[in-house]
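Let's take a friendly walk through this one, starting with how its parts meet and ending with a few single residues.

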2 protein chains.
Amino acid sequence: MISDSGVDGFEFAACRAGLRGKDELDVGLIVCRQPAAAAAVFTTNLVQAAPVILGRERIKSGRLQAVLVNSAIANACTGDEGLANARRCAALTARALDIDEEMALVSSTGVIGEQLEMARFEAVIPELAVSLSHSALPEVARAVMTTDTVPKIAGRQSRLRVDGPEVKISGIAKGAGMIMPNMATMLSFIMTDANISPVLLRDMLPGAVEQSFNRITVDGDTSTNDTVILMASGRSGGREINDPDSPEAAAFAGMLHDVTRDLALQIVADGEGATKLVTVQVRGALTDAEAELAARTVADSALVKTAFFGSDPNWGRIMAALGRSGAVFNPAETVISVDNSELVREGRLVSAAAERSAAQTMAQKKFTLTIDLRAGEAAAEIYTCDLSLDYVRINADYRT
Amino acid sequence: MISDSGVDGFEFAACRAGLRGKDELDVGLIVCRQPAAAAAVFTTNLVQAAPVILGRERIKSGRLQAVLVNSAIANACTGDEGLANARRCAALTARALDIDEEMALVSSTGVIGEQLEMARFEAVIPELAVSLSHSALPEVARAVMTTDTVPKIAGRQSRLRVDGPEVKISGIAKGAGMIMPNMATMLSFIMTDANISPVLLRDMLPGAVEQSFNRITVDGDTSTNDTVILMASGRSGGREINDPDSPEAAAFAGMLHDVTRDLALQIVADGEGATKLVTVQVRGALTDAEAELAARTVADSALVKTAFFGSDPNWGRIMAALGRSGAVFNPAETVISVDNSELVREGRLVSAAAERSAAQTMAQKKFTLTIDLRAGEAAAEIYTCDLSLDYVRINADYRT
């Protein structure tokens, strides 16, 4: 983490537009002084929100200068009117900033099926454009929050090579519910001052997303709005990085992975109603796919997640989840550990003392469940949270 | 439903063995006076409980005379000791009844990973054998309950042809948690006095299970112990039914489907913490597989199920679940109805009045959600329940 989240070349602003009666920051603006090199990854859900439809189109140029973000209303399942509203928001933003309309994007999160309240956007966009500042990224992180309880910011700073300029990456994210592989209801905006080509950004981003946002799960649901946008201002100076095999590209990819993973862990730790962050590690699987399947099945099991909530080392539920995952293994050889302390060996409870000790570990806010299937060499890791009473409270009440 | 659940040829008994300190009926016995024609379907989970391993072996003969059932302890993940205990329970049962050991089966449900308390079984099995009665099936239904709040019994009575004898089928089931396709933690025992061949029973049972127990979902988890056993005493008289294409076989299959479907609906209505029984109907899918995928994804979505709990017609969550299901459709044509009243048309909310009306319907204990994907002709139906605060309470505390 870095203390100053600002990134050279970028400015930010956020305000209260009062969307759906919300009395918190709900609209934010991210602007790059020149068209930035840019790449994005969007939801795989067949139902695509209007801003996602627009975003897919505009990101093709590999250049982007402004992103207007809002919470409260997802602008999903809103038909032609929703798409026109998304375009209009982008146009208003471009006009206020005096930039090319094609350089502006919008990103929305919130309730599905309601139209954006355009009068409110018309009122606030010009205000946002004149209140931009280098240091307001934390306010944008607040403006995209829905059921998140804390804003999520991460950053890294490093030289990509010994004699090169210092490069910075700062990112924000929102998450909370509908968190699942394939990007869930989550938005993330990542800014860097690195001088790097759009093609390289486009090649790098999916890998970073795969190892971070696609490795977390809160409730197995995925959303219509998921978006990760990466923008590079080039203001760090130095030659443009455009060779994927260069040490600079590798160093930048490493920084990017760190930032996306940091944000992903912040999202799952702040999952709706979550009281615990649990890393589910599977090793000894026959194939990578089976390792991931086994880890995801355990990490998504409602029975396992309620046991996490109750600090109950209910290894039988873990075995049952592994057994239905599709991974091939011999249950009589399975080893399960909680924070490196063995709970199950050869498919059986190690001892009552081991069970008591695991219960104590599980009462902490963070622990790792390690499962060794002893069938092969493949491993995978998924990050999840517990399923608490508050998850149900939040989601039975969300719209009221 | 029939008032007398007894079936000619069968006797039943149940008692309090005090397993894990339980102070309710926890062991039951089902006995047929002669070896019955029998068939069974077991869990598809890779992790198989000891009684399942034993059952798979013994059911191959197509004959069965006694089933000893217990709750509290699942005898799963219990290794060689667990398998020896299952065999020992069957042997004690056979000895007490003076029948061939191979004709006795055991079936267990409860906590995974603990050994059966054999001293208690040794004490109660002889007692059960001398207290058998024609009318005690409801007590056996009570003895298999875990987190079930009500016992589950269903029956049908009919002539298989006009001039044939009256035939009866009675079944019991237990369910509650880990209910999901592929039979979940559920046990069901179905008795009939029909005179029907083991081969026909074996051919018929999977279809009945597929259209009933495999169509319900409580929490997406499946268990290590699932078992459905069907036994026929032949006491109704008449010729043995052994031609699958005969009208009698079709009539019997129809009765069997009715009983299994009745029991399945009782299970999901009594799902852990469930306050509502919801039928999710998908039509207009391109293929049967896509119809089922779409229905299951909606029926399993934690966000949709919490909205059911909150009586919130949150159709955006339904659209998002459909969108990630893998079914191919145009979201802009989707129709969603609650109890035949349209909530969404062409992928958009019909009106605020329709939303209020749907909220009222969803406040009832039972309703049907119908989704028309308007992509083809295929349809599927899945039965689910809501995800309530009590589901989390029950499962965070189950072992304590």
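## Where the chains meet

Two residues are in contact if their C-beta atoms, placed from the backbone, lie within 7 Å. By that yardstick, in this predicted model, the contact takes 48 residues from chain A and 49 residues from chain B. On the side of chain A that touches chain B, the elements giving two or more residues are helix H8 (302–309), helix H9 (315–324), strand E13 (348–349) and helix H11 (389–397) of chain A. H9(A) brings the largest share, with eight residues.

What is that side of chain A made of, by class? There are 23 nonpolar, 17 polar and eight charged residues on it.

## How the copies are related

Two copies of a chain are related by a rotation about an axis and a shift along it. Here, a turn of 180 degrees and a shift of 0.0 Å along the axis lay chain A on chain B with an RMSD of 0.1 Å. That is the relation of a two-fold axis. The same surface serves both copies, too: 100% of the contact residues of chain A recur in chain B.

Which residue of chain A comes closest to the rotation axis? It's Leu389(A), whose C-alpha is at 2.8 Å.

## One chain, two domains

Now for chain A by itself. Its secondary structure comes to eleven helices and 15 strands. The radius of gyration of chain A is 22 Å, close to the 21 Å that the globule rule gives for 400 residues, so chain A is as compact as a globular protein of that length. Its C-alpha atoms fill a box of roughly 70 × 55 × 35 Å along the principal axes.

The domain assignment splits chain A into domain 1 (10–269) and domain 2 (277–397). The C-alpha centres of these two domains of chain A lie 33 Å apart. Contacts in chain A often reach across the sequence: among those between residues at least 6 apart, 79% join residues at least 24 apart.

## Inside the core

In soluble globular proteins, nonpolar side chains tend to be buried together. In chain A, 63% of the 400 residues count as buried. The largest nonpolar core has 285 residues, and Ala38(A), Val140(A), Ala38(B) and Val140(B) touch the most other members.

Take Val140(A) as an example. Leaving aside neighbours within four places in sequence, Val140(A) is in contact with Phe12(A), Ala14(A), Gly28(A), Ile30(A), Val69(A) and Ile172(A).

## A closer look at Ala90(B)

Ala90(B) sits in helix H2 (residues 79–97) of chain B. Is Ala90(B) buried or exposed? It counts as buried, because it has 24 C-beta neighbours inside 10 Å. Not counting residues up to four places away in sequence, Ala90(B) touches Leu54(B), Leu68(B), Glu101(B), Ala104(B), Leu105(B) and Val106(B). Asp270(B) is 180 residues from Ala90(B) along the chain, and their C-alpha atoms are separated by 30 Å.

## Two loops with a twist

Most residues other than glycine have a negative phi. Ala72(B) has a positive one, near 80 degrees. Ala72(B) lies in the loop between strand E3 (63–70) and H2 of chain B, and it counts as buried because it has 23 C-beta neighbours inside 10 Å.

Glu346(B) also has a positive phi, near 50 degrees. Its place is the loop between strand E12 (341–345) and strand E13 (348–349) of chain B. With 13 C-beta neighbours inside 10 Å, Glu346(B) counts as partly exposed.

Technical notes. Residues numbered from 1 in each chain as written. Chains lettered and ligands numbered in written order. Least-squares fit on C-alpha atoms with pLDDT ≥ 70 in both. Helix = DSSP H or I, 4+ residues; strand = E, 2+ residues; numbered from the N terminus. Nonpolar A, V, L, I, M, F, W, Y, C, P; charged D, E, K, R; others polar. Rg over C-alpha atoms; globule rule 2.2 N^0.38 Å. Buried ≥ 20, exposed ≤ 12 C-beta atoms within 10 Å, placed from the backbone. Domains from an automatic or database assignment. Core = buried A, V, L, I, M, F, W, Y, C linked by C-beta atoms within 7 Å.
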